[in-house]
Amino acid sequence: MRFTDLTIAALLLTLAGSVVGAPPVPIFEEDKIAASDEDLRAALKPRPVFVDEPFFQDDCQSAVVLDPIMTSQCPPGMAHVDDCETPWWQSLAPMFDRNQYGDCDPNAWLWPDRGRAWTARTLATRWSRSGIDGGTLFQNPGVAGQGLSASNFDINHDGVDAQLILHDFWPSEVTEYDLELRLVYLLQSQANQAALLAGPNTQLNTFPTITQVGDFNVASTLTSDFYTGEINVRHEKENGWWTTLWGARYVSLNDDLSATFVDPGGGASFNYQAHTSNRMWGPQVGANMAFWRSQRFCLDVTGKVGALWNQSVAITTYDGTNAFSTGESQAHASFMGEIGIMGRYAFAKRWSLVMSAESLMLYRVAEGPAQLSHTNPGTNTGHEFGSSLIYNAGAIGLEYRY
């Protein structure tokens, strides 16, 4: 009896132990793993967590808790730009306030280049040329001050200044890289002056001097054309107040100086002509500083310098006494410097009124009036390729952002 009782008790204990030690049920049906396959259980990572199994950091991965989906809250005045509804100037805070709002996307608030893919700008412009080299061109040596001077030519070019900017063409999370294309096309300009050189001799200011016997009515014309194009990469810093640029520039400058000498007594007439051309291209670097920016108005200052390779040509002819015809070409380095200021006022959602002023200096170029005082007809040399010119420009137009 005692042996039977012990046998039954052992069987009951074995049955109870098997129930208590049964494998736990997985939370998810698809996560079931055979209790006997220990190798498979070890290979799976992360391992499923069972209801009645202790949690071990080494065996399983913590559950990923997703943040609740919430609408981004920006401080007052910093509502996100809505291209379809809200004009952008009402959605932007001044740049000097932006940094205190770290939770808002800076790409949405920087004015005026962020938030649009393209900027197109078209300006009507006038460029005035100063610093014309050459001094006195033709004179009566017998009467002081009687003559024609190169500085009296008034060269003014009217034209178009067109710019196209592709924003963020090189994606970056911190800074903005823009691609800028610009073309300044100016109409040909012509200036005239005339004088009666009444004296025994009329002198041409060449080297050496050529003298034409008699007095003459002299009419002189300077014709000039100028245009320039450039392509730049603009690197805008995160706060948008400072932008560097580097790129390439092309400049074309052509001069034609002509003069006609007519004997007032009905005698012979003579002609003088000088033609010069400059084809310049090369790299340039520069920087732009946001001098003032608010919600509707901004004022920027830009400076550029460039080293340009110049293919210059100078040709001069004269058919009077001691007639000559000579020409010379030269390839050399020329230099360019430009500084400008631009103001923009936003009067509509995508439109701004633009006004600008700038100065451009060219160093080591050939210009028409300078040839007369440097050419040596006897040796067919001495053409001048080292003149300096300054252009002062003003422009007004529109900017469209899209």
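This passage describes the strands of the structure and how they pair.

The model is predicted: local features need pLDDT of at least 70, side-chain atom pairs count only at pLDDT 80 or more, and totals for chains, interfaces and linings use all residues. Residues are numbered from 1 along each chain as its sequence is written, and side-chain values use heavy atoms, with hydrogens and water left out.

Strands are DSSP runs of E with at least two residues, numbered from the N terminus. Two strands are taken to pair if at least two bridges between them are found by DSSP. In general, the strands of a sheet pair through backbone hydrogen bonds, in either a parallel or an antiparallel manner.

Strand β4 spans residues 156-166. Its covered face is formed by His157, Gly159, Asp161, Gln163 and Ile165, whereas the uncovered face carries Asn156, Asp158, Val160, Ala162, Leu164 and Leu166. Strand β1 (residues 118-130) runs antiparallel to β4 and is joined to it by 11 bridges. Trp127 is placed opposite His157 of β4. Strand β5 (residues 176-186) is also antiparallel to β4, with 8 bridges between the two. Here, Leu164 stands opposite Leu181 in β5.

An open sheet of 4 strands follows the order β3-β2-β7-β8, with antiparallel pairing. Its edge strands, β3 (147-149) and β8 (210-213), each pair on one side only. From one strand to the next, the twist averages 20 degrees; axes are lines fitted to C-alpha atoms, and angles run from 0 to 180 degrees between N-to-C directions. Within this sheet, strand β7 (residues 201-204) and β8 run antiparallel and are joined by 4 bridges. The bridge partner of Asn201 in β8 is Val213.

Terms used. Buried < 20%, exposed > 50% of the residue type's maximum accessible area, 1.4 Å probe, protein only.
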